[in-house]
Amino acid sequence: MKSLSLLAASLAFASAMSSAAFAQTTLTMWYHGAGNEVESDIINQIISDFNASQSDWVVEIESFPQAAYNDSVVAGALAGNLPDILDVDGPVMPNWAWSGYMQPLQIDEAKIANYLPGTKGVWNGELYSIGLWDAAISLVTRQSYLDELGLRTPTLEQPWTGEEFMDALAKAKASGKFDYALDLGTAWTGEWYPYAFSPFLQSFGGDIVDRSTYTTAEGVLNGEAAVEFGNWWQGLFTDGFAQATQDPADRDNGFNSGKYAFSWNGNWAALGTLDAYDDVLFLPAPDFGNGPKIGAASWQFGVSATSEHPEGASAFIEFALQDKYLADFSNGIGLIPATASAAALTENYKDGGPLAVFFDLSEAQALVRPVTPGYVVAAKVFEKALADIANGADVQDTLDSAVDEIDADIAKNDNYGF
Amino acid sequence: MASKFTRSNSTGWLMAGPATALMALFIVLPFIFAIGFSFTNQRLISPNPTQFVGFSNYSQLLGVGLLTLDPERDDAGNVVREADGSPTYPALRGFTRNNADYPHLDGMREWFSVSLGESRTYILARDVVFMKAVVNTVIFVLVVAPLQGGLALLLALLINQKLRGINVFRAIYFMPVVVSIVVVSLLWRFIYDGQSGLLNNLLGALTFGAFPRVDWLGNPNTALGAIIAMSIWQAVGFHMVIWLSGLQTISPSLYEAAAIEGASKWQTFRYVTWPGLRNTAVLVLIVITMQAFALFAQIDVMTSGGPLDSTQTIVFQAVERGYGKQDISGGSTISVILFVFVLAISLLQRWLTREKK
């Protein structure tokens, strides 16, 4: 009896509390970073700062594990129940915008004028999403390795050529000091493949789809340059420079424990490597003939199409775009701040900071993945083609059938509006 | 006053009701949708309207073609040979890609080929990956059904004895069934690891290092076998329990009679145990077959169909297309084909194991 009245009293109290907040409108937000404590601390800080800064809106966040995030959004959209604020992976954004999941942001363009190009999610001439950070990939190695192997240290102005890169791998292999010369991260599947490896293809002169029309992959994914890329890619594995199947633990720790001479890895892993060695180098991508290239665009914020309060959602995103939050994310999880002024506030990316090179890499070499709704399918096809070629499939045949599959998908979708 | 028939009938409906309603909602209704979608170009997400496309999804998946090629000859009319002495054939892509003379082969790829004399016949498929998925799934079923069923029976016979602590053994053999297949798959990925996996280390230690390290999941020759072995291990306990329940329905008096007649162990099994397990055997066989056709989680976690499509399966392809590539119509078509396939096999099994009077 006593516990029952206690329950009734607490219920009454709770409802009194919630009615006190009725003046504010609740905005819901979905975020992909569940399970990462540092990341959720930062995002929660931004939300509570925003909620305290004005009296119109209250943002409530729900976090999903990254692996399940995209599926959750698709399921949410099919069920007609998306939140107001979404975060979206840059290359996926055109698909969601085209499908009517998202609406353009109501953000003053001047506010993001000096943002890194990879952080701006523009589709059909409109800004749909904006990122607080970018990600970049570099060729990680140590000065002592380069000295021992007698290799030139490449610079942003003068990166390694394809031949110099292969020469470096051959020397690393011949030294016998390493399990494998190169850690490509094949243990990671999914988006890692197109993000990390399609820039090689682009440096050879090919691409995943033809960016001049976005209606076919014929000639760019199976043309001469692409076949040359495919042969090179297959050679990495048949010549024993890299592993086609890799132990996930080796991906996380292999370079830091001396198993590999070079690692093709992102800035998010850089802090750990800096802890492991004191002479780490983050080198630019090699140039295979058409300029050195790395991927651009990471997770970004956007507003769902079904949001009844896009002005509130945009207000929150604009609030989050403050340099101090960009710097917080960068300090917390090693991401590249989206602006130079935010970079100056960070430990690692300020002038002379140990990771400052990533900011320059992102500015100089980054190329966004094909900006088309069809990218989602093309990326899967590309991943499978690369895995098959790595395992010994015929290069020309594999690329041909990848082109056929991408073209069939584009045709099936009425050219995705192009 | 309702008759006894309608009264017990309504009780029956009441009992079956919740399950029937749930099955209708979550199995029958989606399946009717799937049949409908398989004749359209339905996408998972798209602003474009859905269109009726007839049987094109089916012909896209099941289309096959034949092409016989003669070897290339040099100017003197001699067959051009590869370095290993085999004849050189013109590249297939010249016939299957943008060749106006072979419109029916456009977009097809080599599934397999056979050499007849000097010429070579290529069996082409419009969707080679799906064909490989069908073959892999059938191989999986053909190996898993007898092996898992037999092993489960053996285990059931072993644990159907009055021994001290027999429940410990029952628990041990049943344990893998309780663990989620996703967790089991993750763990076995470490066991099968090509570098320092448990299996490689074990084999290396047993043979004093003579056994070469094998990348079990990364090698097209071993990947499917590795998944088969792990799948049998995981689910064998479940079928063991079914066999056990069957064993315990056999009347002890039959065994006593057999003992009095002086039957050997084998004769007891052959003439008492096995006939008593008839219905259980039919159940176990059908359940294993249906479960094996649904092979998905192991593939998704361990290999994603690779390497070189050696572990593609029908259900994995259905999910990969419907969800991964957002092609709901393609995924639905695969599901319908799988349904027809499994239905046909179940009917065949029922017919083969029918009571012969």
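**Exercise 1. Decide whether Ala297(A) is buried or exposed, and describe its place in the chain and its backbone.**

Solution. In this predicted model, Ala297(A) has a relative accessible area of 8%, and because buried means under 20%, Ala297(A) is buried. The next step is to find its place, which is the loop between strand E12 (294-295) and strand E13 (299-304) of chain A. The last step concerns the backbone: most residues other than glycine have a negative phi. Ala297(A), although it is not a glycine, has a positive phi of about 80°.

**Exercise 2. Carry out the steps of Exercise 1 for Phe208(B): is Phe208(B) buried or exposed?**

Solution. The relative accessibility of Phe208(B) is 80%, and since exposed means over 50%, Phe208(B) counts as exposed. As for its place, Phe208(B) lies in the loop between helix H7 (198-206) and H8 of chain B. Its phi is positive, at about 50°, although Phe208(B) is not a glycine.

**Exercise 3. Work out the order of the strands in the open sheet of chain A that contains E8(A), and say which strands stand at its edges.**

Solution. The sheet has 4 strands in the order E9-E10-E8-E11 (chain A), and the pairing is mixed. Its edge strands are strand E9 (180-183) and strand E11 (280-283) of chain A, each of which pairs on one side only. From one strand to the next, the twist averages 20°.

We can then look at the pairs that E8(A) makes. Strand E8 (residues 137-142) of chain A runs antiparallel to strand E10 (residues 260-266) of chain A, and 4 bridges join the two; within this pairing, Leu139(A) stands opposite Trp264(A) in E10(A). Helix H14 (residues 356-365) of chain A packs on the sheet, where it touches E8, E10 and E11 of chain A, and its direction makes about 140° with that of E8(A). Helix H7 (residues 192-204) of chain A lies across E8 and E10 of chain A and runs at about 115° to E10(A). With E11(A), E8(A) also pairs in the antiparallel sense, over 4 bridges, and here Thr141(A) stands opposite Leu281(A) in E11(A).

**Exercise 4. Explain why E8(A) is described as largely enclosed by the rest of the structure.**

Solution. We begin with the directions of the residues: Ile137(A), Leu139(A) and Thr141(A) point one way from E8(A), whereas Ser138(A), Val140(A) and Arg142(A) point the other way, and all are buried. Since 6 of the 6 residues of E8(A) are buried, the strand is largely enclosed by the rest of the structure.

**Exercise 5. Classify the accessibility of Tyr180(A), and list the residues that it touches beyond four places away in sequence.**

Solution. Tyr180(A) is found in strand E9 of chain A, and with a relative accessibility of 23% it counts as partly exposed. Not counting residues up to four places away in sequence, Tyr180(A) touches Gly240(A), Phe241(A), Ala242(A), Gln243(A), Lys259(A), Tyr260(A) and Ala261(A), and also Gln195(B). For a distance through space, take Gly206(A): Tyr180(A) and Gly206(A) are 26 residues apart in sequence, and 27 Å separate them from C-alpha to C-alpha.

**Exercise 6. Describe the open sheet of 3 strands in chain B, and explain why E1(B) and E2(B) each have one side without a neighbour in the sheet.**

Solution. The strand order is E1-E3-E2 (chain B), with antiparallel pairing. Strand E1 (64-69) and strand E2 (109-116) of chain B stand at the edges and have a single partner strand each, so one side of each is left without a neighbour in the sheet. Neighbouring strands are turned by 20° against each other on average, direction ignored. Between E2(B) and strand E3 (residues 119-125) of chain B, which run antiparallel, there are 7 bridges, and the bridge partner of Ser113(B) in E3(B) is Tyr122(B). Helix H4 (residues 128-159) of chain B lies across E1, E2 and E3 of chain B, running at about 70° to E2(B).

**Exercise 7. Determine how H4(B) packs against H8(B).**

Solution. Two packed helices are described by the angle between their axes and the distance between the axes. For H4(B) and helix H8 (residues 223-249) of chain B, the angle is about 45° and the axes are 6 Å apart, which makes H4(B) oblique to H8(B). The crossing in which H4(B) passes H8(B) is right-handed. Finally, the residues of this contact divide into 22 nonpolar, 5 polar and no charged.

Definitions and conventions
Residues numbered from 1 in each chain as written. Chains lettered and ligands numbered in written order. Predicted model: local features only at pLDDT ≥ 70, side-chain atom pairs only at ≥ 80, totals over all residues. Heavy atoms only, no water. Pairing = 2+ DSSP bridges. Axes fitted to C-alpha atoms, helices over the stretch in contact; angles between N-to-C directions. Contact = heavy atoms within 4.5 Å. Parallel < 35°, antiparallel > 145°, perpendicular 65-115°, else oblique. Left-handed = near helix turned anticlockwise from the far one by under 90°. Nonpolar A, V, L, I, M, F, W, Y, C, P; charged D, E, K, R; others polar. Buried < 20%, exposed > 50% of the residue type's maximum accessible area, 1.4 Å probe, protein only.
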